[in-house]
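Hi there,

Here is the structure I promised to pass on. Have a look at it first, and my notes follow underneath.

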Amino acid sequence: MAKPPRSKPLVASDKPLRSRPRKPRDPSQPRLPFDPMPDRIEPCLALLKPRPPVGPDWTYEVKWDGYRIAVHLDHGNVRILTRGGHDWTHRFPGIEEAAKRLGVGTAILDGEAVVLDEEGRPDFGRLQNSLGGRGGKLPAGNAIMFAFDLLYFDGHDIRNMELSARRFFLESLLRNEEGAIRLSEEVDGDGREIFAAACVHGLEGIIAKNKDSTYRSGRLGDWVKVKCVQSDSFMIVGYEHSMVARSGIGSLLLAARKGSDWIYVGSVGTGFNERRAEYLRKTLDRLKRKTPPVKYEGRRKNLVWVQPTLIAEIEYRSWTHDGKLRHASYKGLREAQDNAAVYEIAEQ
């Protein structure tokens, strides 16, 4: 399955590519060279960089703020897997139904499940609320998937094709889709200008992808992410009790990983409303411990330490000279099944 030439389309029709589910193979016919459909594919991850790469070899997309998912379609049967390989099909019924209507027998789509705000921007907090919070079991009926890659298509594993070729088939498959599965649009141009525009419009950032790259699992540099505002996952190791703050939580105490140790990186006291604070208080009080799980040299009183179990997504502007988060804001709890990576401090 070679990459179609730019000067001549693979198909003459403007209609999306479609196929019908295949009938069982006739034993009297020769075996066709179809590739077995993988049960799961480790995702290709983007490498964080301070500025976007530029040049004709790169294309750019919006960085979606949600849950990474893979949609497996096999002759009408759909599985929606998280980054960690957990089956969340029941939690995204709209995406499941949209996958069944794609009109192709087999496919694996890579993308992000999001909930959009009134201005069409992804909102991680709304996605969490629609799922019933961390550990919730509610279906997110208003979640949609922005698909940005196609790994398996109509009986063929296409991961070894160039990105531009995989996108050709993905765009053909989703050309007229405006429902719960939508195409994550590519933007060609100067990466610096595209990044600046994303920041002006209040987006989290952009993803730059090498047009000639194959799909390789892991964080290998074929994809690069550049963030307008820093947002990472940190472990909650305690909270500051307050008699006046909402639900008694003045701030959450956060830690990053350094080798096998937890390192205190500061606190966050904004971003959670009354309902979120009440849920956090009840959850954290079940995880109390007498001694801090981190080395703490501060002077604040009324601190409640907890087992390092809950992972929070935190937005922040920068780091202080002594290794603490600056202007931090709470965005929500990550699901354990999302397999979110806690921020790691490089060992020197």
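**The cysteines**

Cys 228 is partly exposed, with a relative accessible area of 23%. Please keep in mind that this is a predicted model.

Cys 228 has a partner: its sulfur atom sits 2.1 Å from that of Cys 199, and the two form a disulfide. The structure holds 1 disulfide. This pair links distant parts of the chain, 29 residues apart, with Cys 199 in helix 4 (residues 191–200) and Cys 228 in the loop between strand 10 (223–227) and strand 11. The link between Cys 199 and Cys 228 is left-handed, with -95° about the S-S bond.

How accessible is Cys 199, buried or exposed? It falls in between: Cys 199 is partly exposed, at a relative accessible area of 30%. Cys 44, on the other hand, is buried, with a relative accessible area of 2%, and buried here means under 20%.

**Helix 3**

Next, a helix that you will find on the inside. Helix 3 (residues 163–173) is largely enclosed by the rest of the structure, because 8 of its 11 residues are buried. Which ones are they? The buried residues are Leu 163, Ala 165, Arg 166, Arg 167, Phe 169, Leu 170, Ser 172 and Leu 173, so you will see two arginines in that list as well as leucines. As for what surrounds them, the buried residues of helix 3 pack against strand 2 (58–62), strand 5 (106–114), strand 6 (144–153), strand 8 (181–183) and strand 9 (205–210).

**Helix 5**

Helix 5 covers residues 274–285, 12 residues in total. From its first C-alpha to its last it reaches 16 Å, close to the 16 Å expected at 1.5 Å a residue. Its buried residues include Arg 276, Ala 277, Leu 280, Thr 283 and Leu 284. These cover an arc of only 135° around the axis, which puts them on the same side of helix 5.

What covers that buried side? Among the elements that do so are helix 2 (124–130), strand 11 (230–241), strand 12 (249–258), strand 14 (288–289), strand 15 (303–306) and strand 19 (329–333). The face of helix 5 turned away from the buried side carries the exposed residues Arg 275 and Lys 282.

Arg 275 also features at the start of helix 5, where a side-chain oxygen of Asn 273 reaches to within 3.3 Å of the backbone nitrogen of Arg 275.

Happy browsing, and best wishes!

Terms used
Residues numbered from 1 in each chain as written. Predicted model: local features only at pLDDT ≥ 70, side-chain atom pairs only at ≥ 80, totals over all residues. Heavy atoms only, no water. Buried < 20%, exposed > 50% of the residue type's maximum accessible area, 1.4 Å probe, protein only. Helix = DSSP H or I, 4+ residues; strand = E, 2+ residues; numbered from the N terminus. Contact = heavy atoms within 4.5 Å. Expected span 1.5 Å × (residues − 1). Arc of directions from axis to C-beta. Polar contact = N/O pair within 3.5 Å; in protein donor to acceptor, adjacent residues only side chain to side chain. Disulfide = S-S within 2.5 Å.
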